[in-house]
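This report considers charged side chains, cysteines and a loop residue in a single protein chain. The sequence and structure are shown first.

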Amino acid sequence: MAKSRGENGPRAPAAGGSLSGTRESLAPGPDAAAADELSSLGSDSEANGFAERRIDKFGFIVGSQGAEGALEEVPLEVLRQRESKWLDMLNNWDKWMAKKHKKIRLRCQKGIPPSLRGRAWQYLSGGKVKLQQNPGKFDELDMSPGDPKWLDVIERDLHRQFPFHEMFVSRGGHGQQDLFRVLKAYTLYRPEEGYCQAQAPIAAVLLMHMPAEQAFWCLVQICEKYLPGYYSEKLEAIQLDGEILFSLLQKVSPVAHKHLSQQKIDPLLYMTEWFMCAFSRTLPWSSVLRVWDMFFCEGVKIIFRVGLVLLKHALGSPEKLKACQGQYETIERLRSLSPKIMQEAFLVQEVVELPVTERQIEREHLIQLRRWQETRGELQCHSPPRLHGAKAILEAEPGPWPTLQPSPSIRLPPDAPLPGSKGKYKPPKQVQKEQRKQAKASGQRDKPPTPSQAKVAAAAGDTCPPQDVPPKDLVYQDPQDSAPQDSAPQDSAYHCSQESLTSQESEDTYL
């Protein structure tokens, strides 16, 4: 059965056509009908209980286009260490963002642990804060009927989004239902923008990692902060970024820039889907996740870097250009990129090392904007300024914002070993320091009780230590676990366990 490149592979828009009318539909490739047919077959076979499918660790059907072959497996011990570090960061997110943002960036470049990826994306994008600032907003939008004009278009696009993924393989399944809810809610939240088909794969990737409400607010942040104007009616922002990409290519790979100039190939012919879908329909899935980890942390410069790396290694040498003598051959080369240059380790290393900064992008943005105004007049879409990553979004957020304090659903005693680890769990240094301070302070305040006092206290049921002077710098205290002093006795080990590593919130647990 022929594989379709319509869902996860690059597909260039029709050459020579204007972008008007593409807002609701990116130009479908010749095999779009085949993808629809495969999607229908998948749902029918599932409904009738035919042969069981094997699913890879990302949720794609093994043997399908989205599934991958050999992957770089992270050793279990390394993965557990990374999870421990990320849990510590997420449980003290505001402090880490304020003082150790570079460390967060380095850890995003190494890759977010799969078990915490959805939760980390919410924190990095500001979607978590947005949700806390707008309680009940998504439910309100979800209950609203919606504009029939957009509902019909969304309905037609649902089964085209990753039809080989277990969440979206069934027509009318829970994945497609949540995708419809998120996209419909956005058309109500931003009625002036409505719906663009490129938003569907973005929302689908988010839904693979988090529930619908959290995915909606992350989508809002992507559309408003990371890629503002990308999904507006005239697609002016994506056209402007196409010119920025082409100008940056001249510095990164003069050979590729010269070839594309000679062939008169407009950047929109190869970069539209790359940028609007954040490479979710272009790269192997492991590479998509690594790119998104860095994108949420560092912003749109990651998207530019990925595009420049792909162009450089596809067209950046005379040997590679021998097979690209014309326009058609060049576009075909960019549609069927070599698996080597899209491989996770190679691509991430190249992206990290490529010297393209936010300042260069913004400088080039001003240059291209001036040229646009001289030749085409003022932009019709007045989108908000683009923010480059998590730190810029946090600083631009109007304060005061609520402190991000997750509610742990699993607590481990201090001496309990983590699953898959050897020996006893050692709490972070900060927690150990706080525990030593508290122990020293309590030793100075309290004298050991006499036997008669102990008997009286035991008879009265007062076995807790005095709590009239609570510690000021406690790292985390779940408000639901606090109780009056005259309540039932509490185990001191239970209090200490609040400092230990915890799993993500129950509503964030979307492995």
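## Salt bridges and charge

In this predicted model, Arg190 has a relative accessible area of 23% and is therefore partly exposed. Its partner in a salt bridge is Glu192, with 3.9 Å between the closest N and O atoms. Glu192 is exposed, at a relative accessible area of 58%. Elsewhere, Asp142, Asp178 and Arg181 are joined into one network by salt bridges that share partners.

The whole structure holds 16 salt bridges. Three of them, including the pair just described, are set out below.

| Salt bridge | N to O distance |
|---|---|
| Arg190 and Glu192 | 3.9 Å |
| Arg80 and Glu83 | 3.0 Å |
| Arg117 and Asp293 | 2.9 Å |

The salt bridge of Arg80 and Glu83 lies within helix 2 (residues 76-91), where the two residues are 3 positions apart, about one turn of the helix. Arg80 is partly exposed at 26% relative accessibility, whereas Glu83 is buried at 13%.

Asp293 and Arg117 also meet in a salt bridge. Asp293 belongs to helix 15 (residues 285-298) and Arg117 to helix 5, so this pair ties together parts that are 176 residues apart in sequence. Both side chains belong to buried residues: the relative accessible area is 0% for Asp293 and 6% for Arg117.

A patch of positive charge on the surface is formed by Lys85, Lys95, Lys99, Lys100, Lys103 and Lys110. Helix 3 (93-99) and helix 4 (101-110) each contribute at least two residues to this patch. Lys103 is located in helix 4 and, at 40% relative accessibility, is partly exposed.

## Cysteines and a loop residue

How many disulfides does the model contain? The count is 0. For Cys223, the closest cysteine sulfur is that of Cys196, 8.8 Å away; a disulfide requires sulfur atoms within 2.5 Å, so this separation is too far for a bond. Cys196 also supplies the closest cysteine sulfur to Cys277, at 8.0 Å, again too far for a bond. Cys223 is buried, with 2% relative accessible area, and Cys277 is buried as well, with 1%.

Ser115 is placed in the loop between helix 4 and helix 5 (117-125). At 22% relative accessibility, Ser115 is partly exposed. Ser115 and Leu79 are separated by 36 residues in sequence, and their C-alpha atoms are 9.9 Å apart in space.

Notes: Residues numbered from 1 in each chain as written. Predicted model: local features only at pLDDT ≥ 70, side-chain atom pairs only at ≥ 80, totals over all residues. Heavy atoms only, no water. Patch = residues over 30% accessible without salt bridge, like charges linked within 9 Å, V, L, I, M, F, W, Y side chains within 5 Å. Areas by Shrake-Rupley, 256 points an atom, 1.4 Å probe, with all protein chains shown as cover. Salt bridge = Lys/Arg side-chain N within 4 Å of Asp/Glu carboxyl O. Lys, Arg positive; Asp, Glu negative; His and termini not counted. Charge placed at Lys NZ, Arg CZ, Asp CG, Glu CD. Helix = DSSP H or I, 4+ residues; strand = E, 2+ residues; numbered from the N terminus. Buried < 20%, exposed > 50% of the residue type's maximum accessible area, 1.4 Å probe, protein only.
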